[in-house]
Amino acid sequence: MARKQKLTTVQRKDQRQKEEAYLKELQNKIEEYDPKVSKAKFFKDLPLSSATVKGLNEASFVKVTEIQRDSIPISLKGHDILGAAKTGSGKTLAFLIPVLEKLYREKWSEFDGLGALIISPTRELAMQTYEVLTKIGTHTSFSAGLVIGGKDVKFESARISKINILIGTPGRILQHMDQAVGLSTSNLQMLVLDEADRCLDMGFQKTLDAIVSNLPPTRQTLLFSATQSQSLTDLARLSLTDYKTVGTQEVINEKNGTAASTPETLQQSYITVELPDKLDILFSFIKSHLKSKMIVFLSSSKQVHFVYETFRKMQPGISLMHLHGRQKQRARTETLDKFSRAQQVCLFATDVVARGIDFPSVDWVVQLDCPEDVDTYIHRVGRSARYGKQGKSLIMLTPQEQDAFLKRLQMRKIEPSKLNIKQSKKRSIKAQLQSLLFIDPELKYLGQKAFISYIRSIYIQKDKEVFKFDEIPTEEFAASLGLPGAPKIKMKGMKSVQQSKLLKNASRSLLSLSKTNDDGEIEKKDKQDGVRTKYDKMFERKNQTVLSEHYLNITKSQANEDEDDDFMTIKRTDHDLKEEELPELLLHSSKRGQKRALSKKASLSTKGNATKVIFDDDGEAHPVYELQGEEDFEKAGSAETQKQEFIDKEQKILKEVDIEDKQVAKEKKQEKKRKRLENMKKEMEAAYDEEFGSDEEEPVAYLGTGNLSDDMGNDYSSAEEGEPERKKSRYSKNNDDSSDEDDNINNNGVIEIEEPETLEDLESLTARLID
Ligand SMILES: Nc1ncnc2c1ncn2[C@@H]1O[C@H](COP(=O)(O)OP(=O)(O)OP(=O)(O)O)[C@@H](O)[C@H]1O
């Protein structure tokens, strides 16, 4: 890069004036721009700064999409937006570009703090948005940060004050707001709620309300989704002021009931399958689409886990992956990354990736389990046929679900075509599953969990016309998973699911579900006949830790995997059941917890010393000596001897207790010392990171050069048309500091940025920028 000249005061003044003039001109262009008249085709046709256009072009974004063309000019004018456009139509850029532009025009710098807040319902979506932002923002001077949980809050807090654009999930953002250190929202210019209706479905209403109430009312708010639900309209009413609704015609028509809001390039189909045949059909489907990239949606992480583990063993001939909200963040990120890059692969997933995630070139979206509503259907199938590409979707509907769900789809103008299964292609895997589960207790256990979570998922559904709990063929379904029988789910006042069906007309309160057995585990079906295998005995044991380490890894570890914020687990919380009414699905508590519960010693320790008492005729309790006759008393020795014996005994106890107390005090002291040293170490590390940057994932990235001149494609020294130079950011990646006091202009400090391809690239880029 060319070495820059040191600027004189006059030159700098001149630059500032040009900068002012440039920004004024940009503002005028925005005001004059009429989206109805000027139908922009390219980003350069929109009233955008050259820094943003350059960043977009370098990221291969040249032509605008419909939602971008229609919404960006309105957002630039400062209006609040309720934006709706089909899946894969480019909504991310529709809100990121106005964010960058707003801060650019406000000449935002690191000293101005947080300028924009972008809230996403899932970690995956937040990461993806962050990635797009860092791609297109390379010619701006802002810092961007990602807070999604799964990281040390203190670590994030220490850096959050430097962030201009913060992207995160609702819970984690509120956590930072509550801590009131670092994160100051008083200057906030823009709030973006991406897939806001999903946040509401996941039960984040209160969190969102709390976040929004902390923000200055003067801010601009953009709200985007591919579906327009009532909850979204309600949220819009609460959080937007005088907003404009922007949507592609299809979404508006879809609302009017005249067009579907699924992409035209998506070929949609359905098949009718009895619940017990679903896995057979899925396996056959995968076997006959080995050259495809597909996502299979299931309704719970336990089902995902089970199908993934069993199908892996049956080796259908294609690479299999799984992703759900109960995995560790690292595993989730790795799978996202691998799946994005793979070409022939099958991903089993929950709705954690149903919304917003932009996987390239997905050929098939298969819905093994019926989604909870049409919106979820639209988002799931929207993982294919993105940005005008071709794609296919298949939904398996049971005869019980079919009519009602197809009716729901039809009301939204979605009419998938019926597929029939070729008998020649159909093969049953039931026997294989049975033998797999027979020889592998781990799989059997996973199967039981999958069974129960499916039953539970049907039970909690709101739409009772589609999801008919009492028509589930439980025995056949269990057999289809390879289980020897349907695990009993015991309910309060009832003995089994079957019995609950007998009471299907009883009020829901009667269906309050009780704990299953002493361990909170599913109750085993009585073995009336047959020989109990060693595995059966194993499963009957209370202490499941007898199972292998692998078992512990694949099951119990899940409980700990949610790390510090279980809000990240995708789950519907707006069903109208109370948690305690749901079938109990808990695994045994931790090993230590179990030991503690079973330990006699531990339980006695809380009860104090036992003292023998005698009850008088009135039922009053007295110490033994009070009601003892004189003769009996003297039998035990003279009063003096008894007194001495008593004193000796008590002294002995005191001594023992004293030793124990000293030991406890010593341990406490050691623990305190250890903690002090640990804190000191942490402080030193933090100070070191502050000074030299950290190897860990850094939640702050600096997007551009901080040099308006550069960003506008002009070096001041060669600027003919006088594009001005912008004030330098201390954190800009370009280290050439042309402040007049500083003679040490060092252009060798320029970091060359390759386009990040993977999340690891992005992380290392972030770390390098900080350095
Ligand atoms: N102007 C553009 N030029 C080229 N590609 C684009 C453009 N805008 C978006 N894309 C690409 O289209 C794909 C879909 O974009 P995006 O993820 O923003 O869609 P979306 O509308 O947010 O979808 P969803 O509703 O599923 O979240 C992405 O791969 C993105 O890179």
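A cavity here is a set of grid points where a 1.4 Å probe fits but cannot get out, and its lining residues have an atom within 4 Å of a point. With that in hand, here are some close-ups of this predicted model.

**View 1. The largest cavity and what lines it.** Of the 9 cavities of 30 Å³ or more in the structure, this is the one with a volume of about 120 Å³. Its lining runs to 14 residues, and Leu279, Gln303, Leu368, Phe477 and Leu481 are the ones nearest the centre. Helices α12 (278–287), α13, α18 (441–459) and α19 (474–480) are the elements that give two or more residues to this lining. The top contributor is α13, with 3 residues. Sorted by class, the lining of the largest cavity comes out as 10 nonpolar, 2 polar and 2 charged.

**View 2. The second largest cavity.** This one holds about 90 Å³ of space. Its lining includes Leu275, Thr398, Gln400 and Glu401, along with Tyr454 and Ile458. Also on the list are Val466, Phe467, Lys468, Glu471, Ile472 and Pro473. Two elements, α16 and α18, give two or more residues to the lining of the second largest cavity. The class tally is 7 nonpolar, 2 polar and 3 charged residues.

**View 3. The seven-stranded open sheet.** Read across the sheet and the strands go β10-β11-β9-β12-β13-β8-β14, with parallel pairing. The edges belong to β10 (319–323) and β14 (417–418); each has a single partner strand, so one side of each is left without a neighbour in the sheet.

**View 4. Zooming in on β12 and β13.** Here β12 (residues 364–367) runs parallel to its partner β13 (residues 391–397), and the pair is joined over 4 bridges. If you want a spot to centre on, try Trp364, which stands opposite Lys392 in β13.

**View 5. Two helices laid over the sheet.** Helix α13 (residues 301–314) lies across β10 and β11 (345–349), at about 165° to β10. That's the helix we met in the first view, where α13 gives the most to the lining of the largest cavity. Helix α16 (residues 399–411) lies across β8 (266–272), β13 and β14, and runs at about 125° to β13. You've seen α16 before too, as one of the elements that give two or more residues to the lining of the second largest cavity.

**View 6. The second largest pocket.** Now for an open space: this pocket has a volume of about 1,400 Å³. It is lined by 50 residues, with Phe61, Gln128, Val132, Lys135 and Asp358 lying nearest its centre. At least two lining residues come from each of α4 (91–105), α5 (123–136) and α14 (329–341). The largest share is from α5, which supplies 7 residues. By class, the pocket lining splits into 18 nonpolar, 17 polar and 15 charged residues.

**View 7. The stretch annotated as a Q motif.** An unreviewed UniProt entry lists residues 41–69 as "short sequence motif: Q motif". In the model, the end C-alpha atoms of residues 41–69 lie 8 Å apart. The span is 45% helix and 0% strand.

Conventions
Residues are numbered from 1 along each chain as its sequence is written. This is a predicted model: local features need pLDDT of at least 70, side-chain atom pairs count only at pLDDT 80 or more; totals for chains, interfaces and linings use all residues. Side-chain values use heavy atoms; hydrogens and water are left out. Two strands pair if DSSP finds at least two bridges between them. Contact means heavy atoms within 4.5 Å. Axes are lines fitted to C-alpha atoms, for helices over the stretch in contact, and angles run from 0 to 180 degrees between N-to-C directions. UniProt positions are given in the numbering used here, feature names are shortened, and annotations may be inferred rather than shown by experiment. On a 1 Å grid over the protein atoms alone, a cavity is a set of points where a 1.4 Å probe fits but cannot get out, and a pocket is an open set with protein on both sides within 12 Å along at least five of seven lines; lining residues have an atom within 4 Å of a point. Grid points are joined across faces, edges and corners, and a volume is the space filled by probe spheres set on the points. Ala, Val, Leu, Ile, Met, Phe, Trp, Tyr, Cys and Pro count as nonpolar, Asp, Glu, Lys and Arg as charged, and the others, Gly among them, as polar.
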